[in-house]
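Here are a few exercises to work through with the model open in your viewer. Try each task before you read its solution.

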Amino acid sequence: GWMRAMRALLHEVGPAVAIRQNRAITTRGDHRAVLAALRMPTLVLCGRSDRITPPEHSEELAALIPSARLEWIEQAGHMTPIEQPARVAASIAALADQLQGDK
């Protein structure tokens, strides 16, 4: 399943890249003001069972972006695109369809 895919991905990138990525995540700046200035349709997709990113962070992100829509993906955690690829693809396709309709 998805855990095997995650292990393969981490093995492929190697420990140095994984460490570098985690350091970059923990030292990045606060971009909330930039998010509040976005003026585009935005979809915030979150796994309902995410134990790494607390739900309130996703809710805050969606609240900060004026045109954002928050969508919870059931039976998914932090690796939502790997755990529920069809559901994620359908959500992105729906956003693309919305954008096509806005033209």
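**Exercise 1.** Find how many bridges join β1 to strand β2, and whether the two run parallel or antiparallel.

*Solution.* Start with the ranges: β1 covers residues 42–47 and β2 covers residues 68–73. Helices (H or I, at least four residues) and strands (E, at least two) are DSSP runs, numbered from the N terminus. Six bridges join these strands, which run parallel; two strands pair if DSSP finds at least two bridges between them. One pair to check is Cys 46 with its bridge partner in β2, Trp 72. Next, trace the chain from β1 through helix α3 (residues 55–64) to β2: this β-α-β crossover is right-handed (with the strands pointing away from the viewer, the path from the first strand over the helix to the second runs clockwise).

A word on the source: this is a predicted model, where local features need pLDDT of at least 70, side-chain atom pairs count only at pLDDT 80 or more, and totals for chains, interfaces and linings use all residues. Residues are numbered from 1 along each chain as its sequence is written, and side-chain values use heavy atoms, with hydrogens and water left out.

**Exercise 2.** Decide whether Ser 58 is buried or exposed, and list what Ser 58 is in contact with beyond its neighbours within four places in sequence.

*Solution.* First, place Ser 58: it lies in helix α3. Ser 58 has 8% relative accessibility, so it counts as buried (under 20% relative accessible area; exposed is over 50%, partly exposed in between; 1.4 Å probe, protein chains only). Then list its contacts (heavy atoms within 4.5 Å): Val 44, Cys 46, Thr 53, Leu 70 and Trp 72.
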